[in-house]
Amino acid sequence: MVQPTQSSKFMTLVRQIHEGEQSHPGATGEFSDLLHGLSLAAKLVWREVTKAGLVNILGKTDRLNISGDEVKKLDEFADETIFKMMDHVGHLCVMASEENEDLLHIPEHYPQGRYALIYDPLDGSSNIDANVTIGSIFSIHRRVSREGKGTMDDVLQPGHKQVAAGYILYGSSMMFVYCAGHGVHGFTLDPTVGEFLLSHENIRIPPRGSIYSVNEGNIGRWKPEMQRYVQYLKQEDKETGRPYSSRYIGSLVADVHRTLLYGGIYCYPGDTRSPEGKLRLMYENNPLAYIVEHAGGAASDGRQRILDIQPDSLHQRSPLFVGSVEEVRLA
Ligand code: FBP
């Protein structure tokens, strides 16, 4: 006789989203379709990532993207896979990808939907060939334009207007971490059944932490106050738990995921070479800030809350200080 259980052992990503929607009067199931489509695209990317060392998908495409970064074969595959998996679901009116200069419109022969999808197809590209954890990042907004083809206004909305965001980790295991306004949840892929199973329910970031993550190789280009801040973290002082430990993978999703679980802070400040830092507001900072804030943390550009920044261009950058609320305040 089967005993009803509450265990999350059987909580798949699709089931949790469905149940989440059922508790919302008027929910249309569009969301579960969107997140389900993204999770499927992620599985296809994961398949290529895991065999990258074996097949000729490593290395470069000799193409530069809008930010002048070299485009790697795996980037391109991930970019196309996410677009092709999402262009016909009928819930999107427009997409924007870090790898593409302009908006990605939904093909005319597919229905235009109520949402806009913004994504970084493959984050941490400098680590691809070294088999280090990389990821994909996504952000979803409700359209503001009335109907038909989506517009720039549907994408260039402040981060606090996001209705969902998340990232996928391609690491020792594959994880799908998302928030749709009701807690941050992590699912781990069980490759034996090909399903994402709930492994980290309602993630909460510790209010404090003693790990800092920043590329100190840039210290010579930092402002004096940023140099002072990192020097402060490295001084000996038991009372304040210093010195902090330094951890820097160089894959934003991996560094932020660790910060989410262990606490601490990840920083990519502006510097003399790039005053607005390196990271992109729409594809990287907004979705990660949404996740960390919903887990009880904070995210700032050093002056204001990331989610309050009114974007004015698709590929604009902003400094990022994200992590435990006390650590961001200290920074
Ligand atoms: P992309 O790989 O998507 O371009 O992202 C930028 C990134 O690789 C982040 O993942 C990472 O945190 C950062 O750049 C590393 O930059 P740097 O090498 O300057 O420390």
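Which residue follows α6, and is its phi positive or negative? In this predicted model, α6 is followed by G263, and the phi of G263 is positive, near 90 degrees. That makes a handy way into the structure, starting with the helix that comes just before this glycine.

Helix α6 covers residues 252-262, and nine of its eleven residues are buried, so the helix is largely enclosed by the rest of the structure. The buried set runs through L252, V253, A254, D255, V256, H257, R258, T259 and L260. Charged side chains turn up in that list too, with D255 and R258 among the buried residues of α6.

Helix α3 (residues 73-86) can be looked at in a similar way. Its 14 residues reach 20 Å from the first C-alpha to the last, close to the 20 Å expected at 1.5 Å a residue. Buried in α3 are L74, D75, A78, D79, T81, I82, F83, M85 and M86. An α-helix has 3.6 residues a turn, so residues three or four places apart point the same way. In the α3 list, L74 and A78 are both buried, and so are D75 and D79.

Next comes the packing of the nonpolar side chains. The largest nonpolar core holds 42 residues, and those with the most contacts inside it are L117, F138, I140, Y170 and F176. The biggest contribution to this core, nine residues, is made by α2. Y170 gives a feel for how the core is put together: setting aside neighbours within four places in sequence, Y170 is in contact with A42, V45, W46, V49, L122, T133, I134, G135 and S136. Of these partners, A42, V45, W46 and V49 sit in α2 (30-50), while L122 belongs to β5 (115-123). There is also a second, separate core, made of 41 residues, with I118, I205, V292 and L307 among them.

The packing leaves some gaps. Searching the whole structure turns up two cavities of 30 Å³ or more. The largest has a volume of about 60 Å³. It is lined by 13 residues, and the closest to its centre are L38, I82, S136, F138 and I168. Two or more lining residues come from each of α2 (30-50), β5 (115-123), β6 (134-142) and β7 (162-170). The largest share, four residues, is from α2, the helix that also gives the most to the largest core. Sorted by class, the lining has eleven nonpolar residues, one polar and one charged. Some names come up again here: F138 is one of the residues with the most contacts inside the largest core, I82 is one of the buried residues of α3, and S136 is a contact of Y170.

The second largest cavity holds about 30 Å³ of space. Around it are N215, N218, W222, C267, Y268, P269 and D271. This lining divides into four nonpolar residues, two polar and one charged.

The backbone has a few points worth a look as well. The peptide bond from R242 to P243 is cis, with omega near 5 degrees, and P243 lies in the loop between α5 (224-234) and β12 (245-246). Two asparagines have positive phi values. For N131, in the loop between β5 and β6, phi is near 60 degrees. N131 is exposed, with a relative accessible area of 73%. For N202, phi is near 50 degrees, and this residue is placed in the loop between β10 (195-200) and β11 (211-213). N202 is partly exposed, at a relative accessible area of 40%.

Two residues toward the end of the numbering round off the picture. D301 is in the loop between β14 (298-300) and β15 (320-323). With a relative accessibility of 5%, under the 20% cut-off, D301 counts as buried. Beyond its neighbours within four places in sequence, D301 is in contact with I306, I309, P319 and F321. The C-alpha atoms of D301 and E76 are separated by 29 Å, with the two positions 225 residues apart along the chain.

A298 is found in strand β14 and counts as buried at 15% relative accessibility. Leaving out neighbours within four places in sequence, A298 touches V292, E293, F321, V322, G323, V325 and V328. A298 and V328 are 30 residues apart in sequence and 6.4 Å apart in space, C-alpha to C-alpha. F321 is a contact of A298 and also of D301, while V292, another contact of A298, is included in the second core.

Definitions and conventions
Residues are numbered from 1 along each chain as its sequence is written. This is a predicted model: local features need pLDDT of at least 70, side-chain atom pairs count only at pLDDT 80 or more; totals for chains, interfaces and linings use all residues. Side-chain values use heavy atoms; hydrogens and water are left out. On a 1 Å grid over the protein atoms alone, a cavity is a set of points where a 1.4 Å probe fits but cannot get out, and a pocket is an open set with protein on both sides within 12 Å along at least five of seven lines; lining residues have an atom within 4 Å of a point. Grid points are joined across faces, edges and corners, and a volume is the space filled by probe spheres set on the points. A nonpolar core is a set of buried Ala, Val, Leu, Ile, Met, Phe, Trp, Tyr and Cys residues joined through side-chain atoms within 4.5 Å. Buried means under 20% relative accessible area, exposed over 50%, partly exposed in between (1.4 Å probe, protein chains only). Contact means heavy atoms within 4.5 Å. The expected span of a helix is 1.5 Å times one less than its number of residues.
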